[in-house]
Structures are given as C-alpha cells and as structure tokens.
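Me: I should like to understand how the terms used for a protein model follow from its values. May I put some questions to you about the one shown here?

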Amino acid sequence: MPNFTWFKDNAPLVASSRFTTYYHIPSKLVVLQINDARPDDTGEYTVRADNKSGDVTTTAKLDITSLPSVRDQPFISTDKFRLLEQPNQPRSIDDISGVDERPLVDFTKLQQLEIKPARLTEAEQGDTEQFKPTVIIPLRNIEAIENQPVVLSAQIEGKPQPQFSWFKDDQPLAEGNRFATQYDIPSKTIFLTIAGAREDDSGTYRLVAQNPSGQEETSCDVKVDVNQPNIDQRSFVPQKAFDKLEKQLPRPNNVISGVDQSSFFNQDLFRPFDERHIKHPSAIVGGEDSDAAMPISAPRVLTPLRPLSTPEGEAVLLTAQVEGYPLPQFTWIHDNQPIMASNRVTSHYDMLTKRCYLQIIDSRPSDAGTYELIAENPAGQDRTRTELTIVPVSKIDQTGYVPYDKFSTLEFKPRIPNELRSGVDASPFVSGEIFRLLEAKPVNEYFIPEDEQKVSIDVLVPLKPAIAQEGQPVMLTTKIRGRPTPQFTWLRNNQPILESNRVQTYYDFPSETLVLEISEILPH
C-alpha cells in the first residue's frame, strides 16, 4: 500500500485537529476531511502517493466562501404569511357575509415569534474576555513498541479556542494516513495518534497552541523499541475478577450454634507433647529441676561414613550419625566437587536418629570415588569421608536360557542291581544323546567352506551418524566381513567404552552385522 502525503500551496499540510485523512482500501479512495472550514483554508491541495516502484500526485483547488457572522435570515419564510394577510379591497354592504372573516391569529402575536438579536448582559460580556493558551497537563515521554499504536495527549485551555500545530524534531509534522489528531472540547484535551509505530517515529514531538492572545507549547520524547517481542503480555483475566473468589473469614457474633463444636479429646492430654526447652547437664544452674535450654554446640560425627562396594545398577545408601545444636547444615562432596541434587541422587536428615543419608539410585561407574559429608553451624564444623566402589557388570548376558537343573530329570541313570527286578521298564523314553544335539555351539563351530576360511576384514556397511534425545535408546549398526571372526573393540572419543548394563554389543554371524545398543542416552 502506498504512503500518502498532503500539501497545501506546495507546502506540507501541518497536522491539526480540524484535518483528518484516511485511505479506504475497498474503494481505493484517499480522503482529506476539513472540519469547520475557514477562509484561510482556501488554496491548492496536492496529494502524493509513493511506494518502492515510484510516486504520483494529483492537485485540486479549494475555495471557501465567507458568510456573515450573524445570521439575519428568518426561520420562517415571509411567503408563508401571505395567506394570512387581509386584503384592502372595498366591499359593499351587500357583499358582507354573515361569517366572521377576521384572521384567527393576530399579526402582533406573530411578530413576537420573530427572532431578534440578543443583547449580551454585563456578566456575559465579562465571559468574552480573551486569554492566551495555557498548558494544564503537558506532554509526557513515551517508550513504545514497534507496530503498536502511540497516543500523545496534553490538556490545554484558552479563549478563543486555540489552533494546534504539531512538530517533530523542529519540523512540521506532515499529515499522513498513520497520523490522526483531535481536540476534545469538554475535557480541553488534544490527542495525536500514531498507528503502527516505526523506528523512524522516534524523536522529539512539540505541540504549539496559539490564538490572538498569544501562544504556548509543550514537548516530549518518543522512543520506539524495535527489539521488544510482539507478544501481548497482559493477563487474559483481570486480577480483580478473582476478588470475589477469595474466602471471606467469618465474622464473630454472639449467636451460639446448635452444633457441639467442642473437641472429642481433652486438650490436656496433648500438653506433655508440647515443645519444651531441652535440658542439658552442663547448663544446670538451679539444680536438677532447672529448665535451662541446651547451649550451642559444634557438630560432632558420632558414626562416620563406611566404605562401600556395590554392583553397577544397584542402589547406594551412605549414612552417618551427626549431632549439634542448632541443627547443622549438611553438604555432600564427591571427588572435591559439591553434589548437585537430582532425581537420581537425594539427601535427607532424620532428626530423631540424628542420621544423615545420601541415596543414589541406579549407580553407575562414574559414581565411584571419594564421598565427604560436611556438617557446620555457628559453633563450628565436622566432617567424615569414605570410598565408594562401583563394580561394573558384564555387558554380555552369559546365563543360560534354560537352567541346567531342568535337564537333571532327563539324564540316564544306571539301574542299581538287586535281586528283585521290577516288571516296569525304567529306562528313559528319550536318550540323552538326543539332547546333546540341542546344545548351543560356539560361533566358530559353524560350517565354513574351505575357500572362505580366511577372508580379510572388510567394512561392507559403515556406521551412520545418529541423533537422539536424552533418556532415549540408540542402536549403532555396521556390517563387517572377516574370516576368522574378528575381535571388535568400541571406542568413544578415542577411549575404550567401559562395560555397563546400559551398553551392550553383539555380532550376528549369519548377517555379518555388528550392533552397539545403548539403552539410555546420558548428557555425559
């Protein structure tokens, strides 16, 4: 859409509360509206439309005809009264009718209805005193957001009503379809609205109000921030809407309810459990029955941490017994680094048993190391440390699919010779040789043709990059051929991958595919 600029007598049209311009998109008409036209509005008006492709202008001449300040035209035309006039023609006696032909309305009554110029009283004459414009509320600085509307307002009074002129950076503000100004007579407030603020709208805006008695001006700075996100951060529901939802506290009154509100239990039964001062032998002043409170004491480790070794994947629980008053602050250290709390590592303190716990769920080889507990309060500190060993679990499951004891009933057992022979055949229905054929044989025992017993190692399908999210499984595959079967070693960042229950690898001999399976991706 083009940008429109209005000119009067080859000069930019100064923004005013009497001028309004807008562009009607459906009809493609650009309109300039002048309220309360005056003789000085006479002139040659030009509108220029421009965009990136070029510009075009059109010009028209406007003539304003002056009217008298006092309207002397009667509200009722004199032609309306001609029917009421009495003719002056002489009539004979014979022509006199028995009907009263006098007008129903006396002309003198109609003369009282004529509008006459009103004379001003002395009090009204005093009100016509003129005074120069006065700024009651000046313009204020505004920080606006790009593409948001900006409204500048000021309250100015004066007699007669002042004429307003807007300036930007000491230059007359050109009238455009993004700028609109209006003056509210009852509140004596002048507005300037900028639709869709831009970065080049930043600057100093000055408003000049003038009348025959003088002039007054006010100014402000407008800054348009182009880095603000175009997000409406206002709440959908006003805060006042929740006031009615707040629970009002009941007001006390002298009305006794008919419901028994007394407690089912005697409150005296709970008094022995009330919090009391802790007695301490070193604080006894007045004898055995003294109620002196426990003094401040530095933390002291009663039961230190103990070394612990556990298989990978098992839960780990480190405990230590610590006392002190007031209650100490506990800090856990792993290899000289503070331990960050997570959903896998938690810590808590039991005040009754005075034990501090550190629990690690699903232990990993990286959890191994030196653990230290520091307890401190205003009186001092104490610490204890221990070693934690994580035993890695083999990455290959070597357990049999069928326990060996399941075959014990199928084994052939020789008969014990005795003199009494049973008439029942106790030999097994299935020979043990049949089950030997079902035993799993090592991969190297598969039949390999003689011409393929020695084949150099060759990568048929290389590894491909993979992208995964934290906590998701990942499988890396490659096809490698070689006879005899090669020995495979996986490296991560040029370092051998440690055995773990999260990392498994296997080689499928028939398809010559090597697989590395990671059950859960971690950031490290």
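Reply: In this predicted model, strands 7, 9, 13 and 12 form an open sheet in that order, with antiparallel pairing.

Me: What makes strand 7 and strand 12 edge strands of this sheet?

Reply: Strand 7 (131–137) and strand 12 (179–184) each have a single partner strand, so one side of each is left without a neighbour in the sheet. On average, neighbouring strands of this sheet are turned by 25° against each other, direction ignored.

Me: How do you know that strand 7 and strand 9 are paired?

Reply: Pairing requires at least two bridges between two strands. Four bridges join strand 7 to strand 9 (residues 150–159), and the two run antiparallel. They therefore meet the requirement. As one example of such a bridge, I137 has Q155 in strand 9 as its partner.

Me: Why is the pair formed by F164 and Y183 called tilted?

Reply: The ring centres of F164 and Y183 are 4.8 Å apart, and the planes make an angle of 35°. Centres must lie within 6.5 Å for rings to pair, and planes under 30 degrees apart count as stacked, over 60 as edge-to-face and the rest as tilted. The distance therefore makes F164 and Y183 a pair, and the angle makes that pair tilted. The whole structure holds four aromatic pairs.

Me: What does the pair of F164 and Y183 tie together?

Reply: F164 lies in strand 10 and Y183 in strand 12, so the pair ties together parts that are 19 residues apart in sequence.

Me: Why are F164 and Y183 both called buried?

Reply: Buried means under 20% relative accessible area. F164 has 3% relative accessibility and therefore counts as buried. Y183, at 16%, therefore counts as buried also.

Me: How do you know that strand 10 is paired with strand 14?

Reply: Strand 10 (residues 163–168) and strand 14 (residues 203–211) share six bridges in the antiparallel sense. Since at least two bridges are required, the two strands therefore count as paired. Within this pairing, Q163 has Q210 in strand 14 as its bridge partner.

Me: What joins strand 14 to strand 15?

Reply: A hairpin makes the connection through two residues. Strand 14 and strand 15 (residues 214–225) also pair in the antiparallel sense over nine bridges. Y205 stands opposite C220 in strand 15.

Me: Which strands form the open sheet that includes strand 18?

Reply: Four strands form that open sheet, in the order 16-18-22-21, and the pairing is antiparallel. Strand 16 (297–303) and strand 21 (345–350) stand at its edges with a single partner strand each, so one side of each is left without a neighbour in the sheet. The twist averages 25° from one strand to the next. Strand 18 (residues 316–325) and strand 22 (residues 355–360) pair over six antiparallel bridges, and V316 stands opposite I360 in strand 22.

Me: Why is N377 called buried?

Reply: The limit for buried is under 20%. N377, in strand 23 (residues 369–377), has 12% relative accessibility and therefore counts as buried. Beyond residues up to four places away in sequence, N377 touches S297, A298, P299, G324, Y325, P326 and P328.

Me: What makes the approach of the N377 side chain to the backbone oxygen of S297 a polar contact?

Reply: A polar contact needs suitable N or O atoms within 3.5 Å. The side chain of N377 reaches the backbone oxygen of S297 at 2.9 Å, and a polar atom of that side chain lies 3.1 Å from the backbone oxygen of P326. Both distances therefore fall within the limit.

Me: Why is R481 called partly exposed?

Reply: Partly exposed covers values between the limit for buried, under 20%, and that for exposed, over 50%. R481 has 37% relative accessibility and therefore counts as partly exposed. R481 lies in strand 26 (residues 474–483).

Me: What joins the side chains of R481 and E512?

Reply: A polar contact of 3.2 Å joins them. E512 is also among the residues that R481 touches, and the others include V455, S456 and I457. The C-alpha atoms of R481 and I457 are separated by 5.5 Å, although the two residues are 24 residues apart along the chain.

How values were computed: Residues numbered from 1 in each chain as written. Predicted model: local features only at pLDDT ≥ 70, side-chain atom pairs only at ≥ 80, totals over all residues. Heavy atoms only, no water. Axes fitted to C-alpha atoms, helices over the stretch in contact; angles between N-to-C directions. Buried < 20%, exposed > 50% of the residue type's maximum accessible area, 1.4 Å probe, protein only. Contact = heavy atoms within 4.5 Å. Polar contact = N/O pair within 3.5 Å; in protein donor to acceptor, adjacent residues only side chain to side chain. Phe/Tyr/Trp six-rings, centres within 6.5 Å; stacked < 30°, edge-to-face > 60°.
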